[in-house]
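Trainee: Hi! I have a new structure to get to know today. Could you walk me through it while I ask questions?

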Amino acid sequence: MPRNFSSVGVVGLGAMGAGIAEVFARNGVGVVGVERDSEQLARGRRHLEQSTGRAVARGRMSPDQQSELVGRITFTTSMAELADCGLVVEAVVERLDLKRQIFAELDHLVRADAVLATNTSSLSVTEIAAATTTPARVVGLHFFNPAPVQALCEVIRTILVAPDVVEDVVGLVRRLGKSPVVAGDRAGFIANALLFGYLNRAVSLYEAHHATREDIDAAMQLGCGYPMGPLTLLDLVGLDTAHEILRTMYRQSRNRLHAPSPALGQMVAAGLLGRKTGRGFYTYAAPDSPQVVGDDETPPSADRPARARQVGTVGLIGTGSAAAGIAGALGARDVEVIHVGTGRAEELSRADLVLDAGADDPAAKRAAFEVLDARCPDAILATTGSLVPVVECAAATGRPEDVVGMHFAHGDPDGPLVEVVSTVVTSAMAADTVRSLCARLGKHAVSCGDRAGFLVDALLFPYLNDAVRMLETGYATADDIDTAMTLGCRLPAGPFEVLDSLGNDVALGVQRALYAQNPEPGLAPAPLLGQLVTADRLGRSTGRGFREHGR
Ligand SMILES: NC(=O)c1ccc[n+]([C@@H]2O[C@H](COP(=O)([O-])OP(=O)(O)OC[C@H]3O[C@@H](n4cnc5c(N)ncnc54)[C@H](O)[C@@H]3O)[C@@H](O)[C@H]2O)c1
């Protein structure tokens with residue numbers, strides 16, 4: 001008989017515990033909420049009343065429903081009152097010793113058929129379970145913040161837990177109107193393991209001065225449709241929390257890409273924890289304020305038009321659909337375009353800027369830039385490619401300072417984002433000229449250095465590769481991983497949906513380039529990606545990838 005969990009306990013009524021208690025009470029479940037002292041208990045109750053009060057103010061709940069909901073919760077400082085609960089969810093601070101102590105106490109307190117769950121984000125559920133005499137009834141139940149709003153719930157299955165316990169908890173999560181995904185006990189589980197690796201890489205790019213914080217954030221918002229940039233998200237999550245999660249992940253995986261970026265550790269040591277302390281990557285009007293104050297690190301190019309050269313005519317090389325799209329975008333903004341295929345560079349001699357959207361391979365690029373250098377001596381020379389370093393194009397000319405990258409994110413000229421790539425020798429004038437052309441096209445330009453993947457690909461593809469690695473180890477299914485990332489991190493699409501749409505061949509190509517430049521084992525392309533490409537399972541383009549698609 002499945003357990004029906006008509007009464008549950010919640011230990012710790014902080015940010016998470018109060019939200020979890022609300023979720024149960026909203027669904028008609030009686031809750032015993034325990035705090036360590038009366039002051040914290042009052043705080044927990046206030047938190048709950050404020051949260052449900054907001055639902056009343058928005059018309060989502062009547063005052064009667066609110067008092068009924070709060071009435072379902074018994075507030076107490078006595079653990080003994082948990083004795084009759086069929087499930088107890090622990091949500092105290094993230095300290096292993098404290099959690100183990102609480103579980104050892106609960107073990108003797110609750111009925112023999114009761115289930116014990118921990119909401120830990122980064123500790124080992126197995127280590128917590130091992131503090132009890134009955135680890136078969138201990139699971140992880142990882143809610144996301146704010147619990148009443150977030151639809152995802154990760155159910156963590158240790159090697160010790162009984163299958164019926166996991167089944168019953170999954171059933172309960174569904175009854176609460178949430179989407180459960182089941183995963184084993186690994187640091188970060190599904191969502192955080194993939195998310196925090198990505199966030200850590202964003203900090204490393206920032207630390208290496210590859211781009212400004214605003215440009216890193218804009219790249220992921222506009223280039224991938226993420227609701228928030230990685231550095232803004234880190235400020236929201238709290239840099240101390242992020243540091244701790246990454247440390248745990250690194251201890252377990254020994255993947256150097258999980259080792260918290262030194263900048264993160266320094267900021268935590270300096271008390272710059274993000275929004276909650278009023279300063280992290282950004283500075284806020286006050287602690288807990290969402291309002292960013294202080295100077296933008298990226299002065300808009302409109303502020304310094306003197307450095308940008310006037311562009312009346314753009315020369316465009318390329319026969320593919322991207323070149324046609326770029327020609328259309330330029331024409332729509334009344335920019336005169338001389339569009340040639342390959343090999344007619346003499347027609348471009350009066351262009352102020354030439355954009356090479358031709359073949360993205362080293363030999364073709366070098367040949368094209370040698371010719372352009374000779375035929376268009378006064379023009380700024382730009383490449384739209386992403387696979388050949390911009391500096392290789394520059395080295396083929398006698399004036400590398402005039403060579404710059406103008407990369408439309410995902411090679412899509414209709415998208416909102418352009419990466420303006422400066423090599424070590426690109427002049428400010430050349431980069432500003434491209435930025436001001438972007439402004440004329442109505443595109444958002446972000447500036448970055450000439451490293452593999454520029455900004456968007458350097459952050460997106462290693463995360464996708466990590467997801468493939470997670471899948472190939474059998475830790476979670478593609479469906480569960482996609483659900484975890486869309487519901488838990490509010491990404492517009494899960495990694496396997498993205499891979500099937502961008503193409504596994506594209507992902508493999510970018511990942512190889514990233515790995516060639518930085519041969520970290522964690523960046524090596526996942527073997528499964530290579531196998532899928534060999535088997536022509538490229539994604540939507542071939543009708544089959546991680547999933548089947550109608551052609
Ligand atoms: N904050 C998040 O975004 C988030 C998301 C998912 C999971 N979690 C996890 O949830 C847990 C709680 O996190 P939080 O952000 O709510 O922390 P918090 O600091 O807001 O709340 C913890 C609460 O536990 C109480 N507490 C401490 N010792 C206690 C004891 N012995 N008995 C009863 N209550 C006790 C504290 O008084 C406090 O109110 C952690 O394990 C954390 O990793 C947090």
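Trainee: Let's start somewhere simple. Which helix is Gln-221 found in?

Mentor: Gln-221 sits in helix H8, which covers residues 213–224. Keep in mind as we go that this is a predicted model.

Trainee: Okay. Is Gln-221 buried, exposed or partly exposed?

Mentor: Gln-221 counts as partly exposed, because its relative accessibility is 35%, and the partly exposed class lies between 20% and 50%.

Trainee: And what is Gln-221 in contact with, leaving aside its neighbours within four places in sequence?

Mentor: With those neighbours set aside, Gln-221 is in contact with Tyr-226, Pro-227, Met-228 and Gly-229.

Trainee: How far apart in space are Gln-221 and Val-181?

Mentor: From C-alpha to C-alpha they are 26 Å apart, with their positions 40 residues apart in sequence.

Trainee: Let's switch to the ligand. How many residues surround the ligand, and which are the closest?

Mentor: There are 22 residues around the ligand, and the closest are Met-16, Glu-35, Glu-94, Lys-99 and Asn-119. By class, that shell has ten nonpolar, eight polar and four charged residues.

Trainee: Which polar side-chain atoms lie by an oxygen atom of the ligand?

Mentor: Glu-94 has a polar side-chain atom 2.5 Å from a ligand oxygen. For Asn-119, an N or O atom of the side chain is 3.0 Å from an oxygen atom of the ligand. Asn-145 also takes part, with a polar side-chain atom 3.2 Å from a ligand oxygen.

Trainee: How much of the ligand does the protein cover?

Mentor: On its own the ligand has 830 Å² of accessible area, and the protein covers 79% of that.

Trainee: Which elements give two or more residues to the shell?

Mentor: Those are helix H1 (15–26), helix H4 (96–109) and strand S6 (138–143). The largest share, three residues, comes from H4.

Trainee: You brought up Asn-145. What is the peptide bond from Asn-145 to Pro-146 like, cis or trans?

Mentor: That peptide bond is cis, with omega near -5°. Pro-146 belongs to the loop between S6 and strand S7 (152–157).

Trainee: New topic: how many disulfides does the structure hold?

Mentor: Zero.

Trainee: Why is Cys-224 not bonded to Cys-448?

Mentor: Cys-448 has the closest cysteine sulfur to that of Cys-224, but the two are 14 Å apart, so they are too far for a bond. A disulfide needs the sulfur atoms within 2.5 Å. Cys-489 is in no disulfide either, and its nearest cysteine sulfur, in Cys-224, is 14 Å away.

Trainee: Is Cys-489 buried or exposed?

Mentor: Cys-489 is buried, at 14% relative accessibility. Cys-224 is buried as well, with a relative accessible area of 15%.

Trainee: What about helix H9: which residues are buried there?

Mentor: In H9, residues 230–237, the buried ones are Pro-230, Leu-231, Leu-233, Leu-234 and Asp-235. Their cover includes helix H7 (191–207), H8, helix H10 (239–253) and strand S9 (283–284). Just after H9, Gly-238 takes a positive phi of about 105°.

Trainee: Which residue other than glycine has a positive phi near 45°?

Mentor: That is Phe-454. Phe-454 lies in the loop between strand S17 (444–449) and helix H16 (456–472), and it is buried, with a relative accessible area of 3%. Asp-536 is another non-glycine residue with a positive phi, near 60°. Asp-536 is in the segment after helix H20 (527–534) and counts as partly exposed at 45% relative accessibility.

Trainee: Last stop, Glu-336. Where is Glu-336 found?

Mentor: Glu-336 is in strand S12, residues 336–340, and it is partly exposed, with a relative accessible area of 36%.

Trainee: What joins the side chains of Glu-336 and Thr-313?

Mentor: A polar contact of 2.9 Å joins them. Leaving aside neighbours within four places in sequence, the residues in contact with Glu-336 are Gly-312, Thr-313, Val-314 and Arg-350.

Trainee: Thanks, that gives me plenty to look at!

Terms used
Residues numbered from 1 in each chain as written. Predicted model: local features only at pLDDT ≥ 70, side-chain atom pairs only at ≥ 80, totals over all residues. Heavy atoms only, no water. Near = heavy atom within 4 Å. Polar contact = N/O pair within 3.5 Å; in protein donor to acceptor, adjacent residues only side chain to side chain. Areas by Shrake-Rupley, 256 points an atom, 1.4 Å probe, with all protein chains shown as cover. Helix = DSSP H or I, 4+ residues; strand = E, 2+ residues; numbered from the N terminus. Nonpolar A, V, L, I, M, F, W, Y, C, P; charged D, E, K, R; others polar. Buried < 20%, exposed > 50% of the residue type's maximum accessible area, 1.4 Å probe, protein only. Contact = heavy atoms within 4.5 Å.
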